[in-house]
Amino acid sequence: MSFQEEYAQKLTTADKAVQAVKSGDWVDYGFNCGTVHDLDIALAKYIPNLKDVKVRVGIEMETPKIFDVPDAQDHFSVYSWFYTGSERHYASKRFITTVPHRFSEMPGYYRNELPPIDVAMCQVSPMDKHGYFSFGPSGAMQYSVFQRAKHIIVEVNPKLPRCLGGYQESVPISKVDAIVEMQDPYVRCMPDSKPSTEVDLAVAKQIVKMIPNGACLQLGIGGMPNTVGSLLAESDLKDLGVHTEMYVDAYVKMAERGIINGRKKNVNPGMQVYAFASGHQEMYDYLDDNASCMAMPVDYVNDPRIIGQHDNMISINNIVNIDLYGQANGESSGFRQISGAGGQLDFVLGAYLSHGGKSFLCCSSTFMDKQGKAHSRILPVLEPGSITTDTRPNTQYVVTEFGMVNLKGVSAWGRAERLISIAHPDFREQLIKAAEKQGIWRRSNKI
Ligand SMILES: CC(=O)SCCNC(=O)CCNC(=O)[C@H](O)C(C)(C)COP(=O)(O)OP(=O)(O)OC[C@H]1O[C@@H](n2cnc3c(N)ncnc32)[C@H](O)[C@@H]1OP(=O)(O)O
Ligand SMILES: CCCC(=O)O
């Protein structure tokens with residue numbers, strides 16, 4: 001049978017395809033812009049017939065339609081690898097939970113730890129002449145999701161870029177059980193980022209000064225890494241490389257200006273290596289069939305041992321807050337889950353293993369709540385419920401608009417002193433008093 005004949009045989013409608021889902025099943029929805037679209041609409045109609053379905057999602061750019069099913073918790077629950085606004089805003093409905101993970105380990109969870117997925121679905125780009133569907137910008141762990149899945153449905157999106165890669169970036173038609181074609185195709189984009197503030201720029205400028213020519217970059221999710229990317233795109237730096245979990249818009253600008261060429265990369269020279277890509281249409285167009293970009297599984301990209309092999313690896317990630325011990329929280333506000341750990345710790349660890357490498361955790365010194373009250377992001381201790389994404393010995397550079405400190409090898413006294421020095425001046429006295437009470441303050445100027 002030719003690939004085209006096999007395609008025709010497996011082609012079905014979204015409404016029929018979702019009938020493969022039974023009560024009690026584990027369903028995987030894809031993630032990022034690879035989250036299914038027409039299949040989601042169909043399942044939202046069908047799922048009220050079912051009970052106890054468990055659906056895995058992550059990095060949702062649009063709220064899945066199943067979230068709006070009436071009495072959702074009577075029919076299914078959602079396990080999110082990484083919250084965005086969708087999960088945050090539905091959290092009170094109690095059908096969503098998060099799954100703590102280190103992203104580099106996730107393919108292993110699917111292969112070895114988790115119950116096999118009963119019905120696995122994701123978006124793919126159109127089949128190539130060899131019978132393969134590309135996972136597009138959302139490869140990362142999709143191959144491992146399919147490895148033990150009992151039933152596989154792909155949703156073909158002709159607008160999804162075909163992302164070339166090293167391995168596990170695509171699936172052959174022989175492994176697929178059903179094919180659905182997206183009716184009004186488009187690729188989901190990240191919401192437009194808020195314009196950079198003076199504070200973002202003050203943080204970004206300090207980091208950019210620390211980046212040498214020939215460095216290899218990882219920019220994390222969120223406002224500040226984004227601002228650093230924009231500054232880098234306008235900089236005179238040379239011969240930068242990319243080895244990053246998440247490919248973001250700023251890399252395109254840097255590559256088009258010739259700032260990124262990967263010439264100095266000692267691993268995968270010349271290639272921009274990434275696990276998934278989240279951004280806007282221009283970036284997706286850039287990635288399409290681009291032989292200088294390499295989509296790789298996340299257990300390769302985020303493996304700290306691989307990250308550490310890159311000389312001058314520069315990792316830049318955002319945090320929600322940090323305490324005077326240097327414990328950094330990148331994912332929650334007390335008990336409220338905001339996002340996820342993703343690959344933050346993978347890159348913090350990997351960059352430190354790199355010859356000349358540095359990891360930067362950044363945040364504004366204060367956070368303004370919805371009532372307009374300012375709160376310090378540098379705290380005496382993390383609030384109850386807050387998650388320690390990076391434990392204290394792993395934290396290296398911490399940056400706010402008031403400065404940058406390096407905590408590696410620094411004592412408890414020294415950490416408190418350094419972190420207070422980059423806190424907002426309005427909070428420094430309060431922090432000193434708290435540090436005294438906690439027994440970690442001595443005007444010592446000792447490390
Ligand atoms: C995908 C990846 O893993 S890339 C590799 C690295 N991985 C990571 O860095 C993962 C951890 N980091 C992150 O998730 C992000 O960088 C964050 C959450 C730290 C910052 O992301 P941003 O998009 O800049 O956050 P933003 O400032 O828009 O805030 C997001 C939400 O958190 C809330 N928030 C942020 N800071 C605080 C705070 N100190 N206290 C209370 N709430 C807060 C905001 O109000 C907002 O909530 P809302 O949209 O429901 O109103
Ligand atoms: C799907 C999970 C993505 C992440 O953890 O960054």
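1. Which residue has a polar side-chain atom 3.0 Å from an oxygen atom of ligand 2? That residue is Glu245. The model is predicted, and the points below take its two ligands, its cavity and one of its pockets in turn.

2. Ligand 2 has a second polar partner to record. An oxygen atom of ligand 2 and a polar side-chain atom of His101 are 2.6 Å apart. Besides His101 and Glu245, the residues around ligand 2 are Phe31, Ile59, Trp81, Phe82, Phe103, Met106, Met141 and Gly342. On its own, ligand 2 would expose 230 Å², and 99% of this is buried by the protein.

3. The cavity comes next. With a threshold of 30 Å³ or more, one cavity is counted. The space in the largest cavity is about 80 Å³. Its lining consists of Phe31, Gly58, Ile59, Trp81, Phe82, His101, Phe103, Met106, Met141, Glu245 and Gly342. Sorted by class, seven of these lining residues are nonpolar, three are polar and one is charged.

4. The cavity and ligand 2 should be read together. Phe31, Trp81, His101 and Glu245 are among the residues that line the largest cavity, and Phe31, Trp81, His101 and Glu245 are also among those that surround ligand 2. Gly58 is listed in the cavity lining.

5. Ligand 1 has a shell of 30 residues, of which Ile221, Glu245, Ser339, Gln344 and Lys370 are the closest. Glu245 thus appears here as well as around ligand 2. By class, the shell of ligand 1 holds 10 nonpolar, 14 polar and six charged residues. Elements that each supply at least two of the shell residues are α4 (85-90), β12 (241-247) and β15 (313-318).

6. Polar contacts of ligand 1 involve both side chain and backbone. Arg336 places a polar side-chain atom 2.8 Å from an oxygen atom of ligand 1. A polar backbone atom of Gly223 is likewise 2.8 Å from an oxygen atom of this ligand, and for a polar backbone atom of Gly343 the distance to a ligand 1 oxygen is 3.2 Å. Of the 1000 Å² of accessible area that ligand 1 has on its own, the protein covers 83%.

7. Where does ligand 1 lie with respect to domain 1 (3-181) and domain 2 (198-438)? Ligand 1 lies between them, because both domains give residues to its shell.

8. The second largest pocket contains about 180 Å³ of space. Tyr83, Arg88, Ala91, Ser92, Arg94, Ile96, Thr98, Phe335, Arg336 and Gln337 line this pocket. Two elements, β5 (96-98) and β19 (336-337), give two or more residues to the lining. By class, the lining has four nonpolar, three polar and three charged residues.

9. The second largest pocket also lies between domain 1 (3-181) and domain 2 (198-438), since both contribute to its lining. Arg336 is one of the residues of that lining, and Arg336 also has the side-chain contact with ligand 1 given above.

Definitions and conventions:
Residues numbered from 1 in each chain as written. Chains lettered and ligands numbered in written order. Predicted model: local features only at pLDDT ≥ 70, side-chain atom pairs only at ≥ 80, totals over all residues. Heavy atoms only, no water. 1 Å grid on protein atoms, 1.4 Å probe; cavity = no way out; pocket = protein on both sides within 12 Å on 5 of 7 lines; lining within 4 Å. Points joined across faces, edges and corners; volume = space filled by probe spheres on them. Helix = DSSP H or I, 4+ residues; strand = E, 2+ residues; numbered from the N terminus. Nonpolar A, V, L, I, M, F, W, Y, C, P; charged D, E, K, R; others polar. Domains from an automatic or database assignment. Near = heavy atom within 4 Å. Polar contact = N/O pair within 3.5 Å; in protein donor to acceptor, adjacent residues only side chain to side chain. Areas by Shrake-Rupley, 256 points an atom, 1.4 Å probe, with all protein chains shown as cover.
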